Amino acid sequence: MRRTSTPWLRARVASAWLETRTARTLVLDVPGWPGHDAGQHLDVRLTAEDGYQAQRSYSIASASATDRVELTVQKVPRGEVSSYLVDVAREGDELEVRGPVGGWFRWTPDDERAVSLVAGGSGVVPVMAMLRARQQAGSTAPFHLLYSTRTPDHVIYADELYRIATSGTGVEIAYVFTRGGLPDDVRAPGRLTAADVAAVEASIGRPGRVFVCGPNPFVETATRLFLDAGHPASIVRTERFGPTGG
Amino acid sequence: MGVVSRGFGSRRDDDGGRPLPPGQYLTEDFPVLSAGPTQVVDTDRWRLDVRDVDGSTHSIDWAGLMALPSEEVTVDLHCVTRWSKHDTTWRGVSVEVLLDSLLEEETEAEFALVRCYGDYTTNLPLEDLLDGKAWIAYEYDGDELRAEHGGPARLLVPHLYLWKSAKWVNGIELRQDDEPGFWETLGYHEYGDPWLEQRYSGD
(Lines give C-alpha, C1' and ligand atoms only; values in the text may rest on other atoms or scores of the structure.)
Protein backbone atom coordinates (compact mmCIF):
# COMPACT_ATOMS: atom_id res chain seq x y z
CA MET A 1 0.00 0.00 0.00
CA ARG A 2 1.21 3.50 -0.83
CA ARG A 3 1.80 5.47 2.30
CA THR A 4 3.02 8.74 0.88
CA SER A 5 0.64 10.96 -1.02
CA THR A 6 0.84 10.80 -4.81
CA PRO A 7 2.16 14.20 -5.96
CA TRP A 8 0.67 16.53 -8.55
CA LEU A 9 3.04 16.73 -11.53
CA ARG A 10 3.45 19.50 -14.07
CA ALA A 11 2.40 18.39 -17.54
CA ARG A 12 2.91 20.07 -20.89
CA VAL A 13 0.90 19.37 -24.04
CA ALA A 14 3.44 17.95 -26.52
CA SER A 15 0.93 17.33 -29.30
CA ALA A 16 -2.77 16.83 -29.78
CA TRP A 17 -5.12 15.69 -32.53
CA LEU A 18 -8.80 14.99 -33.04
CA GLU A 19 -9.76 11.30 -33.19
CA THR A 20 -13.39 12.10 -34.00
CA ARG A 21 -15.22 15.41 -34.07
CA THR A 22 -15.61 15.33 -30.28
CA ALA A 23 -12.72 13.19 -29.03
CA ARG A 24 -9.16 14.38 -28.89
CA THR A 25 -5.90 12.71 -27.99
CA LEU A 26 -3.39 14.75 -25.99
CA VAL A 27 0.21 13.65 -25.59
CA LEU A 28 1.56 15.05 -22.34
CA ASP A 29 5.16 15.43 -21.31
CA VAL A 30 5.16 14.78 -17.56
CA PRO A 31 8.60 14.86 -15.98
CA GLY A 32 8.50 12.43 -13.08
CA TRP A 33 5.63 10.29 -14.41
CA PRO A 34 6.50 6.83 -13.06
CA GLY A 35 4.74 4.72 -15.72
CA HIS A 36 1.48 2.85 -15.18
CA ASP A 37 -0.45 -0.34 -15.86
CA ALA A 38 -2.90 -0.54 -18.73
CA GLY A 39 -6.43 0.36 -17.60
CA GLN A 40 -5.39 2.80 -14.90
CA HIS A 41 -6.42 6.43 -14.90
CA LEU A 42 -5.08 9.76 -13.75
CA ASP A 43 -6.44 12.98 -12.36
CA VAL A 44 -6.17 16.22 -14.30
CA ARG A 45 -6.17 19.60 -12.54
CA LEU A 46 -6.67 22.86 -14.38
CA THR A 47 -6.01 26.23 -12.78
CA ALA A 48 -7.33 29.54 -14.10
CA GLU A 49 -5.49 32.87 -13.85
CA ASP A 50 -7.54 33.80 -10.77
CA GLY A 51 -6.76 30.54 -8.97
CA TYR A 52 -10.04 28.78 -9.77
CA GLN A 53 -9.39 25.04 -10.17
CA ALA A 54 -11.22 22.06 -11.61
CA GLN A 55 -10.30 18.38 -11.52
CA ARG A 56 -11.45 15.30 -13.42
CA SER A 57 -10.29 11.70 -13.81
CA TYR A 58 -9.39 10.32 -17.25
CA SER A 59 -8.38 6.88 -18.41
CA ILE A 60 -4.86 6.63 -19.73
CA ALA A 61 -4.72 5.70 -23.42
CA SER A 62 -1.04 4.89 -23.83
CA ALA A 63 1.03 1.89 -22.82
CA SER A 64 3.39 2.56 -19.95
CA ALA A 65 6.26 4.98 -20.40
CA THR A 66 8.12 7.23 -18.02
CA ASP A 67 7.76 11.01 -18.33
CA ARG A 68 5.05 10.76 -20.97
CA VAL A 69 1.37 9.86 -21.02
CA GLU A 70 -1.45 10.04 -23.56
CA LEU A 71 -5.10 10.78 -22.87
CA THR A 72 -8.05 10.63 -25.21
CA VAL A 73 -10.79 12.91 -23.96
CA GLN A 74 -14.40 12.78 -25.09
CA LYS A 75 -16.08 16.17 -24.92
CA VAL A 76 -19.17 16.00 -22.78
CA PRO A 77 -21.97 18.58 -22.81
CA ARG A 78 -21.40 21.32 -20.23
CA GLY A 79 -18.09 19.79 -19.22
CA GLU A 80 -15.67 22.56 -18.29
CA VAL A 81 -12.59 20.34 -18.25
CA SER A 82 -13.31 18.19 -21.30
CA SER A 83 -14.28 21.29 -23.31
CA TYR A 84 -10.97 22.87 -22.44
CA LEU A 85 -8.95 19.76 -23.31
CA VAL A 86 -10.77 19.17 -26.61
CA ASP A 87 -11.32 22.75 -27.84
CA VAL A 88 -8.82 25.05 -26.16
CA ALA A 89 -5.60 23.38 -25.02
CA ARG A 90 -2.80 23.55 -27.55
CA GLU A 91 0.81 22.52 -27.83
CA GLY A 92 2.90 24.01 -25.03
CA ASP A 93 0.00 24.62 -22.66
CA GLU A 94 0.43 23.39 -19.11
CA LEU A 95 -1.73 21.55 -16.63
CA GLU A 96 -1.24 19.18 -13.70
CA VAL A 97 -1.73 15.44 -13.43
CA ARG A 98 -1.69 12.98 -10.57
CA GLY A 99 -1.50 9.24 -10.70
CA PRO A 100 -1.61 6.53 -11.79
CA VAL A 101 -4.80 5.58 -9.98
CA GLY A 102 -6.83 2.37 -9.89
CA GLY A 103 -5.72 -1.19 -9.43
CA TRP A 104 -8.77 -3.20 -10.43
CA PHE A 105 -9.58 -2.48 -14.09
CA ARG A 106 -6.05 -3.36 -15.11
CA TRP A 107 -4.16 -5.75 -17.37
CA THR A 108 -0.47 -6.60 -17.17
CA PRO A 109 1.51 -8.53 -19.82
CA ASP A 110 2.38 -11.37 -17.42
CA ASP A 111 -1.28 -12.44 -17.68
CA GLU A 112 -1.40 -15.08 -20.43
CA ARG A 113 -5.13 -15.77 -20.31
CA ALA A 114 -7.41 -14.97 -23.25
CA VAL A 115 -8.86 -11.48 -22.86
CA SER A 116 -12.18 -10.16 -24.10
CA LEU A 117 -12.26 -6.37 -24.33
CA VAL A 118 -15.69 -4.79 -24.69
CA ALA A 119 -15.91 -1.05 -25.31
CA GLY A 120 -18.77 1.36 -25.88
CA GLY A 121 -17.91 4.77 -27.36
CA SER A 122 -15.03 6.47 -25.58
CA GLY A 123 -14.91 3.45 -23.26
CA VAL A 124 -12.36 2.20 -25.75
CA VAL A 125 -9.66 4.34 -24.14
CA PRO A 126 -8.54 2.12 -21.22
CA VAL A 127 -8.90 -1.07 -23.28
CA MET A 128 -6.79 0.54 -26.00
CA ALA A 129 -4.12 0.95 -23.35
CA MET A 130 -4.39 -2.80 -22.75
CA LEU A 131 -4.05 -3.57 -26.47
CA ARG A 132 -1.07 -1.24 -26.71
CA ALA A 133 0.54 -2.80 -23.63
CA ARG A 134 0.04 -6.24 -25.20
CA GLN A 135 1.66 -5.16 -28.46
CA GLN A 136 4.48 -3.32 -26.68
CA ALA A 137 5.32 -6.39 -24.58
CA GLY A 138 5.04 -8.85 -27.47
CA SER A 139 2.44 -10.80 -25.48
CA THR A 140 0.78 -13.72 -27.26
CA ALA A 141 -2.31 -13.78 -25.04
CA PRO A 142 -5.36 -14.09 -27.33
CA PHE A 143 -7.23 -10.76 -27.40
CA HIS A 144 -10.61 -9.90 -28.81
CA LEU A 145 -12.00 -6.36 -28.91
CA LEU A 146 -15.73 -5.87 -29.33
CA TYR A 147 -16.15 -2.16 -30.00
CA SER A 148 -19.56 -0.50 -30.17
CA THR A 149 -20.03 3.00 -31.58
CA ARG A 150 -22.95 4.84 -33.11
CA THR A 151 -21.44 4.95 -36.61
CA PRO A 152 -18.04 4.31 -38.24
CA ASP A 153 -17.37 8.06 -37.89
CA HIS A 154 -17.42 7.62 -34.12
CA VAL A 155 -14.63 5.02 -34.07
CA ILE A 156 -11.58 6.27 -32.15
CA TYR A 157 -8.13 4.91 -33.15
CA ALA A 158 -9.53 3.50 -36.44
CA ASP A 159 -6.17 3.41 -38.20
CA GLU A 160 -4.18 1.90 -35.34
CA LEU A 161 -6.90 -0.67 -34.62
CA TYR A 162 -6.82 -1.71 -38.29
CA ARG A 163 -3.05 -2.13 -38.12
CA ILE A 164 -3.25 -4.20 -34.93
CA ALA A 165 -6.04 -6.41 -36.30
CA THR A 166 -4.08 -7.12 -39.50
CA SER A 167 -0.71 -7.56 -37.81
CA GLY A 168 -1.10 -11.31 -37.44
CA THR A 169 -0.31 -11.14 -33.73
CA GLY A 170 -3.50 -12.77 -32.45
CA VAL A 171 -5.84 -9.83 -31.96
CA GLU A 172 -9.32 -9.90 -33.43
CA ILE A 173 -11.49 -6.80 -33.55
CA ALA A 174 -15.23 -6.75 -34.16
CA TYR A 175 -17.23 -3.55 -34.60
CA VAL A 176 -20.82 -3.00 -33.62
CA PHE A 177 -22.49 0.08 -35.10
CA THR A 178 -25.68 0.94 -33.29
CA ARG A 179 -27.10 3.61 -35.62
CA GLY A 180 -25.62 3.12 -39.05
CA GLY A 181 -22.76 1.17 -40.58
CA LEU A 182 -21.04 0.89 -43.93
CA PRO A 183 -22.90 -0.11 -47.12
CA ASP A 184 -21.46 -3.63 -47.29
CA ASP A 185 -21.70 -4.49 -43.59
CA VAL A 186 -22.97 -8.00 -42.91
CA ARG A 187 -24.27 -7.03 -39.50
CA ALA A 188 -27.32 -4.75 -39.42
CA PRO A 189 -26.94 -1.66 -37.23
CA GLY A 190 -28.20 -2.20 -33.71
CA ARG A 191 -27.24 -2.63 -30.11
CA LEU A 192 -25.01 -5.37 -28.79
CA THR A 193 -26.60 -8.83 -29.01
CA ALA A 194 -26.00 -12.36 -27.72
CA ALA A 195 -24.65 -13.25 -31.18
CA ASP A 196 -21.96 -10.54 -30.87
CA VAL A 197 -20.90 -12.01 -27.53
CA ALA A 198 -21.02 -15.60 -28.82
CA ALA A 199 -18.60 -14.56 -31.57
CA VAL A 200 -16.02 -13.64 -28.92
CA GLU A 201 -15.81 -17.21 -27.72
CA ALA A 202 -15.71 -18.51 -31.29
CA SER A 203 -12.65 -16.30 -31.81
CA ILE A 204 -10.53 -16.72 -28.68
CA GLY A 205 -12.22 -19.51 -26.75
CA ARG A 206 -13.40 -19.04 -23.18
CA PRO A 207 -11.87 -15.76 -22.00
CA GLY A 208 -10.07 -15.75 -18.68
CA ARG A 209 -10.84 -12.09 -18.22
CA VAL A 210 -13.50 -9.76 -19.59
CA PHE A 211 -12.99 -5.99 -19.39
CA VAL A 212 -16.07 -3.91 -20.14
CA CYS A 213 -15.90 -0.11 -20.35
CA GLY A 214 -18.47 2.39 -21.55
CA PRO A 215 -21.56 4.34 -20.57
CA ASN A 216 -23.43 2.60 -17.78
CA PRO A 217 -26.38 1.29 -19.87
CA PHE A 218 -23.90 -0.24 -22.32
CA VAL A 219 -21.94 -1.86 -19.50
CA GLU A 220 -25.14 -3.22 -17.96
CA THR A 221 -26.21 -4.75 -21.30
CA ALA A 222 -22.80 -6.17 -22.11
CA THR A 223 -22.20 -7.72 -18.69
CA ARG A 224 -25.69 -9.25 -18.72
CA LEU A 225 -24.99 -10.84 -22.11
CA PHE A 226 -21.72 -12.33 -20.86
CA LEU A 227 -23.36 -13.69 -17.70
CA ASP A 228 -26.26 -15.10 -19.76
CA ALA A 229 -23.70 -16.83 -22.00
CA GLY A 230 -22.40 -18.65 -18.94
CA HIS A 231 -19.30 -16.62 -18.18
CA PRO A 232 -18.72 -16.30 -14.43
CA ALA A 233 -19.23 -12.89 -12.85
CA SER A 234 -15.83 -13.18 -11.19
CA ILE A 235 -13.96 -12.74 -14.50
CA VAL A 236 -15.88 -9.61 -15.54
CA ARG A 237 -14.38 -6.26 -14.58
CA THR A 238 -16.17 -3.05 -15.41
CA GLU A 239 -15.42 0.63 -15.73
CA ARG A 240 -18.45 2.83 -16.15
CA PHE A 241 -19.16 6.44 -16.85
CA GLY A 242 -22.45 8.19 -16.38
CA PRO A 243 -24.17 10.74 -18.58
CA THR A 244 -21.93 13.33 -16.99
CA GLY A 245 -18.23 13.05 -16.54
CA GLY A 246 -16.89 16.50 -17.06
CA MET B 1 -0.34 29.22 -7.10
CA GLY B 2 1.16 26.52 -9.24
CA VAL B 3 0.61 25.82 -12.90
CA VAL B 4 -1.86 28.05 -14.74
CA SER B 5 -3.57 26.50 -17.75
CA ARG B 6 -3.71 29.13 -20.45
CA GLY B 7 -7.24 29.90 -21.58
CA PHE B 8 -8.97 27.92 -18.84
CA GLY B 9 -11.69 29.30 -16.63
CA SER B 10 -13.76 31.51 -18.88
CA ARG B 11 -16.74 29.23 -18.44
CA ARG B 12 -17.30 27.31 -15.25
CA ASP B 13 -19.57 24.62 -14.03
CA ASP B 14 -22.40 25.60 -11.72
CA ASP B 15 -21.51 24.84 -8.10
CA GLY B 16 -25.15 24.91 -6.98
CA GLY B 17 -24.58 27.99 -4.84
CA ARG B 18 -23.20 25.93 -1.98
CA PRO B 19 -19.62 25.00 -1.24
CA LEU B 20 -18.53 21.64 -2.64
CA PRO B 21 -15.69 19.57 -1.20
CA PRO B 22 -12.36 20.39 -2.87
CA GLY B 23 -11.93 18.96 -6.37
CA GLN B 24 -15.61 18.03 -6.77
CA TYR B 25 -18.15 19.20 -9.36
CA LEU B 26 -21.91 19.17 -9.20
CA THR B 27 -24.03 16.79 -11.27
CA GLU B 28 -27.79 16.52 -11.67
CA ASP B 29 -27.52 12.91 -12.86
CA PHE B 30 -26.90 9.89 -10.72
CA PRO B 31 -23.92 8.13 -12.29
CA VAL B 32 -23.42 4.44 -11.59
CA LEU B 33 -19.98 3.13 -10.68
CA SER B 34 -19.38 -0.50 -9.82
CA ALA B 35 -16.28 -2.62 -10.26
CA GLY B 36 -18.13 -5.60 -11.68
CA PRO B 37 -21.54 -6.83 -12.80
CA THR B 38 -24.64 -5.45 -11.09
CA GLN B 39 -25.82 -7.91 -8.46
CA VAL B 40 -29.44 -8.97 -8.73
CA VAL B 41 -30.65 -9.96 -5.29
CA ASP B 42 -34.25 -10.94 -4.64
CA THR B 43 -35.64 -9.70 -1.33
CA ASP B 44 -36.81 -13.29 -0.66
CA ARG B 45 -33.22 -14.39 -0.33
CA TRP B 46 -31.78 -11.14 1.02
CA ARG B 47 -30.13 -11.46 4.41
CA LEU B 48 -27.72 -9.37 6.42
CA ASP B 49 -25.35 -10.95 8.93
CA VAL B 50 -23.80 -8.96 11.76
CA ARG B 51 -20.80 -10.73 13.21
CA ASP B 52 -19.57 -9.39 16.53
CA VAL B 53 -16.01 -9.53 17.87
CA ASP B 54 -16.89 -12.55 20.04
CA GLY B 55 -17.69 -14.54 16.89
CA SER B 56 -21.44 -14.51 17.40
CA THR B 57 -23.52 -13.95 14.26
CA HIS B 58 -26.86 -12.17 14.23
CA SER B 59 -28.95 -12.21 11.07
CA ILE B 60 -31.85 -10.22 9.76
CA ASP B 61 -33.99 -10.97 6.71
CA TRP B 62 -35.96 -8.58 4.53
CA ALA B 63 -39.13 -8.78 6.62
CA GLY B 64 -37.07 -8.12 9.71
CA LEU B 65 -35.47 -5.06 8.14
CA MET B 66 -38.86 -3.74 7.03
CA ALA B 67 -40.16 -4.15 10.56
CA LEU B 68 -37.54 -1.82 12.01
CA PRO B 69 -38.26 1.90 12.28
CA SER B 70 -37.02 3.71 9.19
CA GLU B 71 -36.07 7.30 8.49
CA GLU B 72 -36.23 9.51 5.43
CA VAL B 73 -33.01 11.47 5.00
CA THR B 74 -31.92 14.09 2.48
CA VAL B 75 -28.18 14.18 2.01
CA ASP B 76 -25.44 15.25 -0.40
CA LEU B 77 -23.33 12.57 -2.11
CA HIS B 78 -19.65 12.88 -3.00
CA CYS B 79 -17.98 10.31 -5.26
CA VAL B 80 -14.20 10.01 -5.37
CA THR B 81 -14.45 10.17 -9.18
CA ARG B 82 -15.30 13.83 -8.52
CA TRP B 83 -19.03 14.18 -8.97
CA SER B 84 -21.20 15.44 -6.16
CA LYS B 85 -24.97 15.43 -6.04
CA HIS B 86 -27.02 17.67 -3.77
CA ASP B 87 -30.20 16.81 -1.89
CA THR B 88 -30.70 13.11 -2.54
CA THR B 89 -33.56 11.57 -0.59
CA TRP B 90 -33.39 8.06 0.82
CA ARG B 91 -35.33 5.85 3.20
CA GLY B 92 -33.61 3.31 5.34
CA VAL B 93 -32.89 1.97 8.79
CA SER B 94 -30.13 3.68 10.71
CA VAL B 95 -27.24 1.32 11.35
CA GLU B 96 -27.44 2.12 15.05
CA VAL B 97 -31.06 0.98 15.17
CA LEU B 98 -30.13 -2.17 13.26
CA LEU B 99 -27.26 -3.05 15.58
CA ASP B 100 -29.33 -2.30 18.70
CA SER B 101 -32.03 -4.66 17.45
CA LEU B 102 -29.58 -7.49 16.74
CA LEU B 103 -26.98 -7.30 19.51
CA GLU B 104 -27.93 -8.07 23.09
CA GLU B 105 -24.94 -6.28 24.52
CA GLU B 106 -22.91 -3.32 23.44
CA THR B 107 -20.14 -4.39 21.08
CA GLU B 108 -16.50 -3.94 21.95
CA ALA B 109 -15.66 -3.34 18.29
CA GLU B 110 -13.79 -0.26 17.10
CA PHE B 111 -14.10 -0.95 13.36
CA ALA B 112 -16.49 -2.45 10.86
CA LEU B 113 -15.83 -4.36 7.66
CA VAL B 114 -18.93 -4.16 5.50
CA ARG B 115 -19.60 -7.10 3.16
CA CYS B 116 -21.74 -7.31 0.03
CA TYR B 117 -23.22 -9.64 -2.54
CA GLY B 118 -20.55 -9.87 -5.22
CA ASP B 119 -17.82 -9.91 -2.53
CA TYR B 120 -17.23 -6.15 -2.39
CA THR B 121 -16.02 -4.95 1.00
CA THR B 122 -15.28 -1.61 2.66
CA ASN B 123 -13.98 -0.69 6.11
CA LEU B 124 -14.93 2.12 8.46
CA PRO B 125 -14.46 3.08 12.09
CA LEU B 126 -17.60 1.86 13.86
CA GLU B 127 -18.39 5.32 15.16
CA ASP B 128 -18.89 6.48 11.57
CA LEU B 129 -21.79 4.05 11.30
CA LEU B 130 -23.49 5.20 14.53
CA ASP B 131 -25.28 8.33 15.83
CA GLY B 132 -27.48 8.74 12.76
CA LYS B 133 -24.56 9.01 10.35
CA ALA B 134 -25.25 5.83 8.36
CA TRP B 135 -28.23 3.85 7.12
CA ILE B 136 -29.16 0.60 5.44
CA ALA B 137 -31.06 2.33 2.63
CA TYR B 138 -33.72 0.64 0.54
CA GLU B 139 -35.59 3.53 -1.11
CA TYR B 140 -34.26 6.30 -3.29
CA ASP B 141 -36.34 9.32 -4.23
CA GLY B 142 -39.54 7.63 -3.08
CA ASP B 143 -39.07 4.41 -5.07
CA GLU B 144 -37.51 1.10 -4.22
CA LEU B 145 -33.76 1.22 -4.72
CA ARG B 146 -32.83 -0.12 -8.17
CA ALA B 147 -30.24 -2.86 -8.44
CA GLU B 148 -27.72 -0.73 -10.33
CA HIS B 149 -27.73 1.75 -7.43
CA GLY B 150 -27.27 -1.03 -4.89
CA GLY B 151 -30.80 -2.33 -4.32
CA PRO B 152 -32.47 -3.98 -2.66
CA ALA B 153 -30.39 -2.42 0.12
CA ARG B 154 -27.13 -0.54 0.33
CA LEU B 155 -25.15 1.13 3.03
CA LEU B 156 -25.45 4.93 2.98
CA VAL B 157 -22.64 6.87 4.69
CA PRO B 158 -22.91 10.27 3.06
CA HIS B 159 -20.21 12.03 5.08
CA LEU B 160 -17.56 9.83 3.41
CA TYR B 161 -16.76 9.28 -0.28
CA LEU B 162 -19.41 7.14 -1.88
CA TRP B 163 -17.32 3.98 -2.26
CA LYS B 164 -17.89 3.55 1.50
CA SER B 165 -21.65 3.42 0.85
CA ALA B 166 -21.43 -0.20 -0.23
CA LYS B 167 -24.04 -1.49 -2.70
CA TRP B 168 -25.86 -4.82 -2.19
CA VAL B 169 -24.84 -4.94 1.47
CA ASN B 170 -25.21 -8.31 3.21
CA GLY B 171 -22.93 -8.18 6.21
CA ILE B 172 -21.28 -6.06 8.88
CA GLU B 173 -18.27 -7.62 10.54
CA LEU B 174 -17.53 -5.85 13.82
CA ARG B 175 -13.84 -5.88 14.59
CA GLN B 176 -11.31 -4.62 17.11
CA ASP B 177 -8.73 -4.10 14.37
CA ASP B 178 -9.10 -2.27 11.06
CA GLU B 179 -9.16 -4.57 8.02
CA PRO B 180 -8.88 -2.73 4.67
CA GLY B 181 -11.70 -3.34 2.19
CA PHE B 182 -11.74 -3.63 -1.60
CA TRP B 183 -10.74 -0.15 -2.77
CA GLU B 184 -8.79 0.47 0.42
CA THR B 185 -6.36 -2.28 -0.63
CA LEU B 186 -6.21 -0.89 -4.19
CA GLY B 187 -4.73 2.50 -3.37
CA TYR B 188 -7.71 4.43 -2.05
CA HIS B 189 -7.74 6.19 1.30
CA GLU B 190 -8.53 4.22 4.45
CA TYR B 191 -11.05 6.81 5.71
CA GLY B 192 -12.18 8.91 2.73
CA ASP B 193 -13.37 12.27 4.09
CA PRO B 194 -14.34 14.34 1.01
CA TRP B 195 -13.91 17.66 2.85
CA LEU B 196 -10.27 16.72 3.60
CA GLU B 197 -9.95 15.35 0.04
CA GLN B 198 -8.78 11.96 1.30
CA ARG B 199 -8.97 10.25 -2.08
CA TYR B 200 -5.93 8.03 -2.19
CA SER B 201 -3.75 6.24 0.29
CA GLY B 202 -1.44 8.76 1.94
CA ASP B 203 -3.63 11.83 1.20
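Which residues have the most contacts inside the largest nonpolar core? Keep that in mind while you open the file, and remember that you are looking at a predicted model.

**Stop 1: the core**

Select A:Leu117, A:Val127, A:Met130, A:Phe211, B:Ile136 and B:Val169, and show them as sticks. These are the residues with the most contacts inside the largest nonpolar core, which has 111 residues. Now colour helix H2 of chain A, residues 124–137: with eight residues, this helix gives the most to the core. Domain 1 (3–101) and domain 2 (115–241) of chain A both give residues to the core, so it lies between them.

Stay with one of those residues, A:Met130, for a moment. Leaving out anything within four places in sequence, A:Met130 has contacts with A:Ala38, A:Gly39, A:Trp107, A:Leu117 and A:Phe211. Two of the names should ring a bell: A:Leu117 and A:Phe211 were in your first selection.

**Stop 2: the two domains of chain A**

Give residues 3–101 of chain A one colour and residues 115–241 another; these are domain 1 and domain 2. Their C-alpha centres sit 24 Å apart. Where they meet, 13 residues of domain 1 are in contact with 14 residues of domain 2. Sort the domain 1 side by class and you get five nonpolar, seven polar and one charged residues.

**Stop 3: where the chains meet**

Bring chain B back into view. Here 35 residues of chain B are in contact with 43 residues of chain A. The chain B side of this contact has 13 nonpolar, 14 polar and eight charged residues.

**Stop 4: chain B on its own**

Hide chain A and switch to cartoon. You should find two helices and eleven strands. Trace them from the N terminus and the order is β-β-β-α-β-β-α-β-β-β-β-β-β.

How does the radius of gyration of chain B fit with a compact globule of 203 residues? Such a globule would come in near 17 Å, and chain B has 18 Å, which agrees. Along the principal axes, the C-alpha trace spans about 60 × 35 × 30 Å. Of the 203 residues, 40% are buried. Turn on contacts with a separation of 6 or more, and 64% of them come from residues 24 or more positions apart.

Next, select residues 36–183 of chain B. An unreviewed UniProt entry annotates this span as "domain: Oxidoreductase molybdopterin-binding". The span is 9% helix and 40% strand, and its end C-alpha atoms lie 13 Å apart.

**Stop 5: B:Trp90**

Zoom in on strand S5 of chain B, residues 83–94, and pick out B:Trp90. Is B:Trp90 buried or exposed? It has 23 C-beta neighbours inside 10 Å, so B:Trp90 counts as buried. Beyond the residues up to four places away in sequence, B:Trp90 touches B:Val73, B:Trp135, B:Ala137, B:Glu139, B:Tyr140 and B:Leu156. For a sense of scale, draw a distance from its C-alpha to that of B:Asn170: the two are 80 residues apart in sequence and 18 Å apart in space.

**Stop 6: backbone oddities**

Most peptide bonds are trans, and most residues other than glycine have a negative phi. The next few selections go the other way.

Start with the peptide bonds:

- A:Gly99 and A:Pro100 are joined by a cis peptide bond, with omega about 0°. A:Pro100 belongs to strand S6 (residues 94–101) of chain A.
- B:Gly151 to B:Pro152 is also cis, with omega near 15°. B:Pro152 sits in the loop between strands S9 (143–144) and S10 (154–156) of chain B.

Then turn to phi:

- A:Tyr157, although not a glycine, has a positive phi near 65°. Look for A:Tyr157 in the loop between strand S8 (143–149) and helix H3 (158–165) of chain A. With 21 C-beta neighbours inside 10 Å, A:Tyr157 counts as buried.
- B:Glu197 also has a positive phi, about 50°, without being a glycine. B:Glu197 is in the segment after strand S11 (169–175) of chain B. Its 17 C-beta neighbours inside 10 Å are why B:Glu197 counts as partly exposed.

Technical notes. Residues numbered from 1 in each chain as written. Chains lettered and ligands numbered in written order. Predicted model: local features only at pLDDT ≥ 70, side-chain atom pairs only at ≥ 80, totals over all residues. UniProt positions renumbered as here; feature names shortened; annotations may be inferred. Helix = DSSP H or I, 4+ residues; strand = E, 2+ residues; numbered from the N terminus. Domains from an automatic or database assignment. Contact = placed C-beta atoms within 7 Å. Nonpolar A, V, L, I, M, F, W, Y, C, P; charged D, E, K, R; others polar. Rg over C-alpha atoms; globule rule 2.2 N^0.38 Å. Buried ≥ 20, exposed ≤ 12 C-beta atoms within 10 Å, placed from the backbone. Core = buried A, V, L, I, M, F, W, Y, C linked by C-beta atoms within 7 Å.
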